[in-house]
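Welcome, and please take a moment to look over the sequence and the model before reading on. The paragraphs after them will walk you through a few places worth finding.

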Amino acid sequence: MTRVQPDSFLTLHYRLSGPAGEVVSTFAGPPATLSLGAGHLAPALEARLLGLEEGTQAVFDLPAGEVFGAREPQMLQWVARKLLDTLGEPGAGYAVGEVVEFPAPQGEGKVAGVVRELREDGAVLFDFNHPLAGQPVRFEVQLIGVL
């Protein structure tokens with residue numbers, strides 16, 4: 001059987017969950033296809049895949065912070081209403097817990113923040129930390145194909 005190497009192309013199902021439950025899962029739909037080393041998965045997750053044989057099903061429990069780092073207080077940022085109107089739909093409403101995407105600072109891609117607090121002046125406190133930052137992570141994988 002074929003084993004996962006650092007430059008392997010993979011077809012797999014995976015699930016990431018933290019103490020509060022599932023965050024990402026492909027098990028209910030089509031499997032994911034990705035190339036190791038291309039940044040599709042965090043390095044700590046890719047490291048767990050190396051050496052596994054095609055057809056393997058495995059569960060890995062990773063300690064807090066290993067996969068997505070520690071929670072960073074500076075990643076909590078107040079965004080003024082004026083800037084929100086410029087970046088998105090003017091006058092849009094926001095709700096605590098909502099995930100909002102913004103253009104990345106260098107214009108390459110997007111970043112997402114979770115609404116944590118709303119002020120009367122329209123400013124919104126966003127948390128740009130990964131939802132699993134600073135938490136233990138369970139990584140479940142079903143390795144379907146390895147090329």
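What follows is a tour of some strands, some aromatic rings, a pocket and a few distances.

This is a predicted model, in which local features need pLDDT of at least 70, side-chain atom pairs count only at pLDDT 80 or more, and totals for chains, interfaces and linings use all residues. Residues are numbered from 1 along each chain as its sequence is written, and side-chain values use heavy atoms, with hydrogens and water left out.

Let us begin with the strands. Helices (H or I, at least four residues) and strands (E, at least two) are DSSP runs, numbered from the N terminus. In a regular strand the side chains alternate between the two faces of the sheet. You can follow this in strand E3 (32-35), where Ala32 and Leu34 point to one face and are buried, while Thr33 and Ser35 point to the other and are not. Here buried means under 20% relative accessible area, exposed means over 50%, and partly exposed lies in between (1.4 Å probe, protein chains only). E3 pairs with strand E1 (residues 9-18) in the antiparallel sense, over four bridges; two strands pair if DSSP finds at least two bridges between them. To find one of these contacts, look for Thr11, whose bridge partner in E3 is Thr33.

Strand E4 (residues 57-62) alternates too: Ala58, Phe60 and Leu62 point to one face and are buried, whereas Gln57, Val59 and Asp61 point to the other and are not. Val59 counts as partly exposed, at 47% relative accessibility. E4 runs antiparallel to strand E9 (residues 137-146), and six bridges join them. Within E9, Arg138 stands opposite Asp61.

Now turn to the aromatic rings. How many aromatic pairs does a search of the whole structure find? The search finds six. Rings of Phe, Tyr and Trp (its six-membered ring) pair if their centres lie within 6.5 Å; planes under 30 degrees apart count as stacked, over 60 as edge-to-face and the rest as tilted. One of the pairs is formed by Phe102 and Phe126, which meet edge-to-face, 5.0 Å centre to centre and with 90° between the planes. Because Phe102 lies in strand E6 (residues 99-103) and Phe126 in strand E8 (residues 124-127), the pair ties together parts that are 24 residues apart in sequence. Both rings belong to buried residues: Phe102 has 8% relative accessibility, and Phe126 has a relative accessible area of 0%. Ring pairs also link Phe102 and Phe126 with Tyr94 and Phe128 into a cluster.

Another ring to visit is that of Trp78, where Arg119 lies over the face at 4.5 Å from the ring centre. A charge sits over a ring if NZ of Lys or CZ of Arg is within 6 Å of the ring centre and within 35 degrees of the ring normal.

Next comes the largest pocket, which holds about 310 Å³ of space. On a 1 Å grid over the protein atoms alone, a pocket is an open set of points where a 1.4 Å probe fits, with protein on both sides within 12 Å along at least five of seven lines; lining residues have an atom within 4 Å of a point. Which residues are the closest to the centre of the largest pocket? Of the 14 residues that line it, they are Phe102, Pro105, Val111, Ala112 and Phe128. Strand E5 (76-79), helix H2 (81-87), E6 and strand E7 (110-118) each give two or more residues to the lining, and E7 gives the most, with three. By class, the lining has 10 nonpolar, three polar and one charged residues.

Finally, compare sequence with space. Gly51, in the loop between helix H1 (43-49) and E4, is 49 residues from Thr2 in sequence and 9.1 Å from Thr2 in space, C-alpha to C-alpha. Ala95, in the loop between H2 and E6, is also 49 residues along the chain from Ile144, but their C-alpha atoms are separated by 39 Å. Gly51 is partly exposed at 33% relative accessible area, and Ala95 is partly exposed at 39%.

Key. Points joined across faces, edges and corners; volume = space filled by probe spheres on them. Nonpolar A, V, L, I, M, F, W, Y, C, P; charged D, E, K, R; others polar.
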